[in-house]
Each structure stands twice: as C-alpha cells, then as structure tokens.
Amino acid sequence: MTSTGIRLHAPAPGWSIPADVVVVGSGVAGLTAALRCEAAGLHTVVVTKARLDDGSTRWAQGGIAAALGEGDSPEQHLDDTLVAGAGLCDVEAVRLLVTEGPAAVRRLIGTGAQFDESAEGGLALTREGGHHRRRIAHAGGDATGAEISRALVEAVRARGLRTIENALVLDLLTDADGRTAGVTLHVMGEGQHDGVGAVHAPSVVLATGGMGQVFSATTNPSVSTGDGVALALRAGAEVSDLEFVQFHPTVLFLGPDAEGQQPLVSEAVRGEGAHLVDADGVRFMIGQHELAELAPRDIVAKGIMRRMQERGAEHMFLDARHFGADMWERRFPTILAACRAHGIDPVTQPVPVAPAAHYASGGIRTDDRGRTSVPGLYACGEVACTGVHGANRLASNSLLEGLVYAERIAAHIAAGHAGHAGHAQDGGHAQDAGHAEYAAHTGDGHHARVPAPAPAPDSVPDSAPDPSSAPAPPAAHPLLAPEARFTIQRIMTDGAGVLRSADSLTRAADHLQRLHGEARDALHENGKTAEPGVDTWEATNLLCVARVLVAAARLREETRGCHWREDHAERDDTAWRRHIVVRLNPDRTLAVHTTDTADFPPTLPPSPNPQSHPAIPA
C-alpha cells in the first residue's frame, strides 16, 4: 500500500528515541501488546496521550466476556456474537476470539487483575445484552476497566518499560521501501513547538481507542478524537465499517444540550434485572425482541428512539428501584455515585437515559495477526476493525478483543524479530551525535538524554539516501482552528447520529466538505493554516474520520446493526452483506470499495479487483 505523502502540519522532530516496537495507547490492548513484546525481549516504548492509566479501558463498567462458566462454550459465545453482528462478522475472526478468549482472561488474572468472585470462590459471572449465558467477568462491581487498567499499569511499571506520557501521536514514519519506521509525536507540556519528536521503530502498534468525540454527546473521554484512524489514513492504510458507530442505549440523560463525556449506565444493570420504561412505567421493549431489555444494543437503542419519537420525549427511564440500596451499593457503586452526583438516586427513582455515541465497531482494517495494509503497522482494540464486531458489537466483547488480538500481534512481531535482538540498541537507528540533545520525559521517572536529529524527512531509511533521489517533502495537511471541533460535533450529531437519512447525511457531507475546503484553500492560496498544536491537530483528525464515516454511511443504503437509515429501513443482504473499505488518496479524495463477502480479504497484499465506487471529492 502506497503512502499518501500527507502529514499533519507540524514542526520537524527535535529529538528521537530508538526502539524495536512502539505501542501507541495505554488501554488493555496497548499495554497487553507492550508487555508481551517486552517479555519476548523486544525493546518496547509505550506512547500514550494522557497518563498511563487514563486509557479508555478504565471507563469500562460491565466486564469482559468469555466462556468461563459451567455449561458455557466458545461455540455459544460465537453464536451470540454473530447474531449481534447482524450478518457482517468475519466468522473465523470471531471463532479465534471466543476460542482464545478464556485462556487470555486467565493470563490477565495471572498478570494481577482481580475479578469479583462468587460465594463458591469461582468467578462471579453476570449477563448482558445479546448474551444467552452468564459469561461476563467483572471487578469492583462495575469498575472492571479500572481494575484491568490498574493491573496492567502496575505490570508495565514493574517491568520498567519506557513510557512517554501526555504525548499526541502525529504521523507514521516510513522507510525508502514504504515500510513502517516509527512515529512522530508531540509531548504536551514541553512547549507548543519544542515538544515534537520521533520514536524510530520497524513495528508500530496503534491502540489509540475510539473516536466518540466526533459527536456532541458520548461516553468516550475527551482524548478519543480518532487520532489512530486519521494517522492510518494519512499513511495509506485501509479503514472499514466506520459507519457502524454503536450508540449505547442507556447513558445518563443530562439534558438536551449536554455535550462531551456523559456517564454510562452499564448494560449489566439490565443484566441484573433493571427494566426500561417510559414516563407511564410501561416496559416498551417487551414484544420487540425475545430478550426484551437484554436484546443486542442496536435493537435496544432503536427501541428507545422509537418510543421517544412516539411520546415526543427526550429520554426514557431505567427502573431498578427493586434492587434496593444494598445491591446498588455492592454491585454498582460507580454508577450509583455518578447518578447521585447529578441529583438522581436510583434506589428511589427511575434513572433518565438516552442513547449516546459509545463504540466504533469499525476502524483500521486488520487481519488475524493485527496487520494493517501498511507493512509494519499493526492495530488492536477499538481503533482496529478485525471483523469480530460486524455491524454491531456484542456487549463486553471489546475488552476481550483488545486482549486477544494484542497477544497475537506481539507473537507475530516477536516471530519476525527472531534473530534480530538488539537491533535498536546496536546502532540500527543511531543519529548524528553532533546534534543537540533533548530531555524526553519518560514514564520510568528518568529524563532520557537522546540526540536530536536535524529536521527529518518523511522517510527514515536504514542508510543515507542519495540526495539527488531524495523524495519531495510530504504534503502538509491543512489544520483546522480549535473551535472547529464543536462545529464538527454538531454536524455529526445532527446528520449522522442514531437516525440517518440521505438528506441528513448529504447535509453533513456538505458541511464537512466546506470546513475541509476552507482550510485547504487557505493553505494553498495564502500559505496559512491554524497554528500547530494539540487542539488543532485533534480538530483536524476529527474532520478526517467524520468525512470517512459520513461517506460510508451515505453509501450503505440499508438499515443494519447500529447503522439506521430512516429512508432504507430494511436490511438488504443481497446488496449490502459486505464491508465498505476506504482509503485516502494522495490528492485527499477518498477511495471507496466494497468487499465481495462479509469475510475480510487479506490485508497484505491489497484486495484484488475490488468493487470500486467514485472517489469522494477533496
């Protein structure tokens, strides 16, 4: 896959660190990959956008799904996952997940994660939407993600892995042959310009989480701005299924104008017996699905939206007053505290809820070893599209997918590095010692003095290239002003939210194109762009992923999973039981094609003879 040559407008790197592997992200996927790579003897660097323990994983409430209970089996887990995925799961990818999942969870426990236990001393398992068995392992009642994050962060620190915190990854570096050679990044707090540097490594693992901040209201933290997907697109990688954004059905309703991260009310609350009701106390999900409130998330979200439309209401209610104070405090302490902080006591009141953006079922297209269509670039966790989730993720499969595929990535990288141990330490990426040094803040408590190279080109070849054949400098991507972030969020919420139509998506596409065109023209005509910085890079990344999401949603003229087209209300297996794959062209148009079947073709080499669609204009 050829790189686009497009890069974010940013200062040249002022420092560099060599490594065998750089992992971008510190959730369950990123830290698992890093720990396994380090255990294999690979010099591994972890880059994370906030603090090491601030990944999206820590916000996960419900738990991690695996066939761990008596009477359960991977085959039953597979069946539930395929049903939730609405015909678009890659069956072999799911089989791999559910088969390797139980052992992966046990290894996580061996790493130090402490899950809740039953009275008999085994794992306490609960049930969530779409699951026919109790197979959700949880910790701290409703603080599973926080416990997994704690265990993995402690393991990373105990092993002394080098970490770079508060660092926004910018772009992928490639060598003269187009292979991955590392990333550029900006260490926040080091000054707007002086913080830009590079980690040189032949393997890069993207585990950057989701892109929920593309919508006004989301359960995602503020750092979830689609940075990994945008980086991959600029690097020439394929992305798939971005139209399938899961809107969690039960997010605490804080008012029609609420923006930013919203408190989640876990599906596990319904798994333990809470009911969805309207203002009259009617359980409206009964009769809509055999599992009622425990139907897959897309079905519950649609059921809530339909009832809201019928009643002219802004929200529905989740009624769990019958739990009593003891169960609320023991089983769901985090949710109880969040509700009470907003003036709602679920012990005595129904909880107002409405759907909000929660999880990207699509992402960077990968194979069963996490490889993308760019050699040396891997992806796992929410940023990736492995084929596991299809058109709608099954509850609590996300942590498991991050865990299983991170281990597979590490095993593949380690196998590829066999016989090359010490590559990063033996001068393979040595820089000119005549350059000034820069103090890079690392998570091991040290200031690593590393030589800062001269302004680097996009390519980082193993040997110095002939200057006469050096490639042209990469094209700088125009940056958006920070306030564009809120404009994008409103456009996407209005036009590409839970309910979509040709009209709403066309309006969204036109508004996004106007933002893109204005920034492009300002750069081309006046040489001006917004000042490089975290806010402008994030806004630019959001626009990039928003354009792809809307392009795919416009093309998919059917309702399937968490993609709901009001003007195409039925599922159409004949035309659309296939994936939409998008990549960015060097001229910044979007190249779109569809796969032949619901199964993913190999990522390397690119799919032969894809069914192409007209490029989306720059």
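# A tour of buried elements and cavities

Start with helix H4: Thr-144, Gly-145, Glu-147, Ile-148, Ser-149, Ala-151, Leu-152, Val-153, Ala-155 and Val-156 are buried. Buried means under 20% relative accessible area, exposed over 50%, and partly exposed in between, with a 1.4 Å probe and protein chains only. Helices (H or I, at least four residues) and strands (E, at least two) are DSSP runs numbered from the N terminus.

This is a predicted model, in which local features need pLDDT of at least 70 and side-chain atom pairs count only at pLDDT 80 or more, while totals for chains, interfaces and linings use all residues. Residues are numbered from 1 along each chain as its sequence is written, and side-chain values use heavy atoms, with hydrogens and water left out.

**Stay on H4**

Select residues 144-159. H4 has 16 residues and reaches 23 Å from first C-alpha to last, close to the expected 22 Å. That expected span is 1.5 Å times one less than the number of residues. Now show what covers the buried residues: helix H1 (28-39), strand S5 (64-65), helix H3 (91-111), strand S7 (136-137), strand S8 (162-164) and helix H10 (397-417) are included. Contact here means heavy atoms within 4.5 Å. Step past the helix to Gly-160, where phi is positive, near 70°.

**Helix H5**

Move to residues 227-234. Eight of the eight residues of H5 are buried, so the helix is largely enclosed by the rest of the structure. Among them are Asp-227 and Arg-234. Gly-236 follows H5 and has a positive phi, near 95°.

**The S26–S27 hairpin**

Select 580-584 for S26 and 590-594 for S27. The two strands run antiparallel, joined by five bridges. Strands pair if DSSP finds at least two bridges between them. Leu-584 has Leu-590 of S27 as its bridge partner. Five residues lie between the strands, and in this hairpin Arg-588 takes a positive phi near 75°.

How many residues of S27 are buried? Five of the five, so S27 is largely enclosed by the rest of the structure. Colour its two faces: Leu-590, Val-592 and Thr-594 lie on one side, Ala-591 and His-593 on the other, and both sides are covered.

**The largest cavity**

Keep Leu-584, Arg-588 and Leu-590 selected; they are among the residues that line the largest cavity. Add His-477, Leu-480, His-516, Thr-540, Leu-543, Cys-544, Arg-547 and Val-548 to complete the lining. A cavity is a set of points on a 1 Å grid over the protein atoms alone where a 1.4 Å probe fits but cannot get out; lining residues have an atom within 4 Å of a point. Its volume is about 100 Å³. Grid points are joined across faces, edges and corners, and a volume is the space filled by probe spheres set on the points.

Which helix gives the most to this lining? H13 (residues 534-555), with five residues.

**The second largest cavity**

Next, select Val-245, Gln-246, Phe-247, Arg-297, Asp-298, Ala-301, Lys-302, Asn-392, Val-498, Gly-561, Cys-562 and Trp-564, which line the second largest cavity. Strand S15 (245-252) and helix H7 (297-311) are the elements that give two or more residues to this lining. H7 has the largest share, four residues. The volume is about 80 Å³.

**Last stop: Leu-523**

Find Leu-523 in helix H12 (residues 502-526). Its relative accessibility is 16%, so Leu-523 counts as buried. Then add Pro-478, 45 residues apart along the chain: the two C-alpha atoms are separated by 6.1 Å.

Terms used
On a 1 Å grid over the protein atoms alone, a cavity is a set of points where a 1.4 Å probe fits but cannot get out, and a pocket is an open set with protein on both sides within 12 Å along at least five of seven lines; lining residues have an atom within 4 Å of a point.
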